Amino acid sequence: MAPDPNRLHPMAAAPAVTFLRPLAEGRANVAVGRYAYYDDRHRTGDFFDRNVLHHFDFVGDRLVIGDFVAIAHGVQIHMNGGTHAMSGFSTYPFNIFGGGWEQGFDPATWEAENRGDTVIGSDVWIGTEARLMPGVTIGAGAIIAAGAVVAADVRPYAVVAGNPAREVRRRFDDATIARLLAIAWWDWPIDRIDRNLNAIRGSNLAALETAQ
């Protein structure tokens, strides 16, 4: 029987492993898929406050985490609330300190830097202490190497590394990736996933395509 995706700590022997969906409850600007987990090595239970930075309701950007996402310890996800206006000569946020410095500030100059939602596709693996910059989309099946700084979108099933992160390779050829995205096994009902685990974690594409 599959584990309960709404159980905060699904592994008694590994209490650092934390399903993120229960932690996202009540957060209007966050959506988390089934079985997405984080390695909460310090067992703080505050992923969306400690690891998701500058995520303010008034900004309006959303963090979307797909199904079966694996997030290693120390990952940081930077949201748009931490951006500064860059159209003028100085990026210093004078206006937030008040004292008259807020006068004449045009909020549109800051809003122009908003890069939109951050979306992490299903079956993505994000390595230790990787950093995601605001507004990136990580395609399904991608791998983000440890320490990578992701400032641009990542294609499905790509492996990226470095600062800034660059695509090292794709895990499969284009035709195979297209077929995997069409299968989208992560969207299957859990009983179908249970029946076909060997096909999902195997390498026989025909078996996965015919799985019932």
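Is Asp174 buried or exposed? In this predicted model, Asp174 has a relative accessible area of 55% and is exposed, because that value lies over the 50% cut-off. The side chain of Asp174 takes part in a salt bridge with Arg170, with an N to O distance of 3.0 Å. Arg170 also has a place in the strand pairing, as the bridge partner of Ala158.

The strands around this residue are considered next. Strand E14 (residues 158-161) is paired in the parallel sense with strand E12 (residues 143-144), over two bridges. Within this pairing, Ile143 is found opposite Val159 of E14. E14 is also paired with strand E15 (residues 166-170), in this case in the antiparallel sense and over four bridges. E14 and E15 together make a hairpin, with four residues between the two strands. In the turn of this hairpin, Gly162 shows a positive phi of about 100°. In general, strands of a sheet pair through backbone hydrogen bonds, in a parallel or an antiparallel sense.

A further sheet is open and consists of four strands in the order E2-E5-E8-E11, with parallel pairing. Its edges are occupied by strand E2 (30-32) and strand E11 (137-138). Each of these edge strands has a single partner strand, so one side of each lacks a neighbour in the sheet. E2 is joined to strand E5 (residues 63-65) by three bridges, and the two strands run parallel. In this pairing, Val32 faces Ile65 of E5 as its opposite residue.

Salt bridges were also examined, and the count comes to eight. One of them is formed by the side chains of Glu167 and Arg155, at 2.7 Å from N to O. Glu167 belongs to strand E15, whereas Arg155 lies in the loop between strand E13 (149-150) and E14, so the contact ties together parts that are twelve residues apart in sequence. Both side chains have some access to the surface: Glu167 is partly exposed at a relative accessible area of 38%, and Arg155 is likewise partly exposed at 43%.

Another salt bridge joins Arg179 and Glu209, whose closest N and O atoms are 2.6 Å apart. This pair links distant parts of the chain, since Arg179 is in helix H4 and Glu209 in helix H7, 30 residues apart. Arg179 is partly exposed, with a relative accessible area of 37%. For Glu209 the relative accessible area is 36%, and this residue also counts as partly exposed.

Helices H4 and H7 appear again in the description of the largest pocket. The largest pocket holds about 850 Å³ of space. Its lining comprises 34 residues, and those nearest its centre are Phe68, Asp123, Trp185, Ile200 and Arg201. Two or more lining residues come from each of strand E1 (17-19), helix H4 (174-183), helix H5 (190-195), helix H6 (197-200) and helix H7 (205-209).

Finally, the surface carries a nonpolar patch of about 580 Å². The residues that make this patch are Tyr92, Phe94, Ile96, Phe97 and Trp101. Among them, Trp101 is located in the loop between strand E7 (76-78) and helix H3 (107-111). With a relative accessible area of 48%, Trp101 is classed as partly exposed, because exposed residues are those over 50% and buried ones those under 20%.

Definitions and conventions:
Residues are numbered from 1 along each chain as its sequence is written. This is a predicted model: local features need pLDDT of at least 70, side-chain atom pairs count only at pLDDT 80 or more; totals for chains, interfaces and linings use all residues. Side-chain values use heavy atoms; hydrogens and water are left out. Patches are made of residues with over 30% relative accessible area and no salt bridge: like charges are joined within 9 Å, nonpolar side chains (Val, Leu, Ile, Met, Phe, Trp, Tyr) within 5 Å. Accessible areas come from the Shrake-Rupley method with a 1.4 Å probe; for residues, only the protein chains shown count as cover. A salt bridge is a side-chain nitrogen of Lys or Arg within 4 Å of a carboxyl oxygen of Asp or Glu. Buried means under 20% relative accessible area, exposed over 50%, partly exposed in between (1.4 Å probe, protein chains only). Two strands pair if DSSP finds at least two bridges between them. On a 1 Å grid over the protein atoms alone, a cavity is a set of points where a 1.4 Å probe fits but cannot get out, and a pocket is an open set with protein on both sides within 12 Å along at least five of seven lines; lining residues have an atom within 4 Å of a point. Grid points are joined across faces, edges and corners, and a volume is the space filled by probe spheres set on the points.
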